[in-house]
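Thanks for asking me to look this one over. Below are my notes, in numbered points, to read alongside the structure.

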Amino acid sequence: MRRLSLILMACCLAVTLLGAAGVGMGKRQQKPKKPTSWFQGIDVSHYQGRIDWKRVARSGDVRFVYIKATQGATIVDDRYSYNNRNARRQGILCGAYLYLSSSSTVREQFDAFKRTAKKSDQDLRPVIDVEREAMRHWSDKEVRRNVRQMVRLMTNHYGKSPIIYSQYQYYNECLAPTFNGYHLFLAKYSKGCPQIRGKGKVDVWQFTERGRINGIPTRVDLNRCVNGMTVEKLKL
């Protein structure tokens with residue numbers, strides 16, 4: 001009986017140890033993986049302060065960044081040169097965006113943009129940022145005419161058509177379907193990829209303005225390629 005008891009005790013101990021090991025393995029299997037495809041890029045301006053691009057690159061999550069270059073015809077973002085230079089040094093693909101304003105002519109704004117965002121310093125197609133609050137001096141018809149003119153100027157200078165950025169509701173109210181054939185970069189912070197009025201599709205979705213990235217002291221916009229768009233196709 002004593003020998004049998006010892007055998008039974010040994011069996012119970014073995015089962016207990018196997019069970020504990022199994023629980024540990026289960027925990028390791030259930031540990032969530034670090035996201036690698038839920039976003040690919042960010043966009044920044046002077047609002048993000050001094051960015052540590054080495055830390056941003058070290059995370060391995062940010063493949064591209066759009067950096068504010070100019071606003072209207074007279075404002076150059078005071079962090080543009082620093083951001084573009086240091087992000088590219090860390091191997092992050094960089095593009096520039098122009099914040100379009102109804103306070104000056106398209107030609108004046110384009111000239112300021114091309115002086116700041118030199119073609120040789122660009123990895124990605126440029127972006128025209130068209131937002132409701134900056135269009136208050138133009139009618140919807142004038143907005144469409146002036147965006148079309150800016151598209152022509154940028155295409156001729158940079159060699160590829162620019163990407164049009166807007167908030168998805170304003171895009172559908174004012175710009176759709178006129179610009180549906182261009183690459184579209186739309187902001188929508190609620191669930192579900194933004195849809196556009198008429199035929200066409202969104203290429204880049206800005207899905208939050210409250211992202212956190214190591215090396216950036218503030219919240220930041222997070223963007224992902226959708227509907228078959230890839231980072232490679234964004235390249236200039």
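1. A salt bridge, as the term is used here, is a side-chain nitrogen of Lys or Arg within 4 Å of a carboxyl oxygen of Asp or Glu. Please keep in mind that this is a predicted model. One pair that meets the definition is Glu232 with Lys235, whose closest N and O atoms are 3.1 Å apart. Glu232 is partly exposed at 48% relative accessible area, and Lys235 is partly exposed too, at 28%. Elsewhere, Arg88, Asp121 and Asp123 are joined into one network by salt bridges that share partners.

2. How many salt bridges does a search of the whole structure find? The search returns six. Among them is the one between Glu173 and Arg132, with 2.9 Å between the closest N and O atoms. Glu173 belongs to helix H6 (residues 168-175), while Arg132 is in the loop between strand S5 (127-129) and H5, so this pair ties together parts that lie 41 residues apart in sequence. Glu173 has a relative accessible area of 48% and is partly exposed; Arg132, at 44%, is partly exposed as well.

3. The salt bridge between Lys201 and Asp203 has its closest N and O atoms 2.8 Å apart. Is each partner buried or partly exposed? Lys201 is partly exposed, with a relative accessible area of 39%, whereas Asp203 counts as buried at 4%.

4. Now to the interior. The largest nonpolar core has 54 residues, and Ile42, Trp53 and Val130 are those with the most contacts inside it. Helix H5 (residues 140-158) gives the most to this core, contributing seven residues. A second, separate core holds 15 residues, including Phe64, Tyr66, Tyr165 and Leu234.

5. Ile42 deserves a look in your viewer. Setting aside residues up to four places away in sequence, Ile42 touches a list of residues that includes Trp53, Val62, Phe64, Val65 and Tyr66. The list also includes Ile213, Ile216, Val220 and Leu222, along with the polar or charged names Asp221 and Asn223.

6. On the aromatic side, six aromatic pairs turn up in a search of the whole structure. Phe179 and Tyr182 make a tilted pair, 6.0 Å centre to centre with 40° between the planes. Phe179 is buried at 1% relative accessible area, but Tyr182 is partly exposed at 29%. For Trp205 and Phe207 the ring centres are 6.0 Å apart and the planes lie at 65°, so this pair is edge-to-face. Trp205 and Phe207 are both buried. In addition, Phe64, Tyr66, Tyr165 and Phe185 form one aromatic cluster.

7. Two rings have a charge placed over them. The charged end of Arg224 sits over the ring of Phe207, 4.1 Å from its centre. The charged end of Lys188 sits over the ring of Tyr168, at 5.7 Å from the ring centre.

8. Finally, where is Ser101 placed? Ser101 is in the loop between strand S4 (93-99) and helix H4 (106-116), and with 11% relative accessibility this serine counts as buried. Gly72 is 29 residues away from Ser101 in sequence, yet their C-alpha atoms are 4.8 Å apart. Beyond neighbours within four places in sequence, Ser101 is in contact with Gly72, Gln109, Ala134, Met135 and Trp138. The side chains of Ser101 and Ser103 are joined by a polar contact of 2.6 Å.

Note on methods:
Residues numbered from 1 in each chain as written. Predicted model: local features only at pLDDT ≥ 70, side-chain atom pairs only at ≥ 80, totals over all residues. Heavy atoms only, no water. Core = buried A, V, L, I, M, F, W, Y, C linked by side-chain atoms within 4.5 Å. Buried < 20%, exposed > 50% of the residue type's maximum accessible area, 1.4 Å probe, protein only. Helix = DSSP H or I, 4+ residues; strand = E, 2+ residues; numbered from the N terminus. Contact = heavy atoms within 4.5 Å. Phe/Tyr/Trp six-rings, centres within 6.5 Å; stacked < 30°, edge-to-face > 60°. Lys NZ or Arg CZ within 6 Å of the ring centre and 35° of its normal. Polar contact = N/O pair within 3.5 Å; in protein donor to acceptor, adjacent residues only side chain to side chain.
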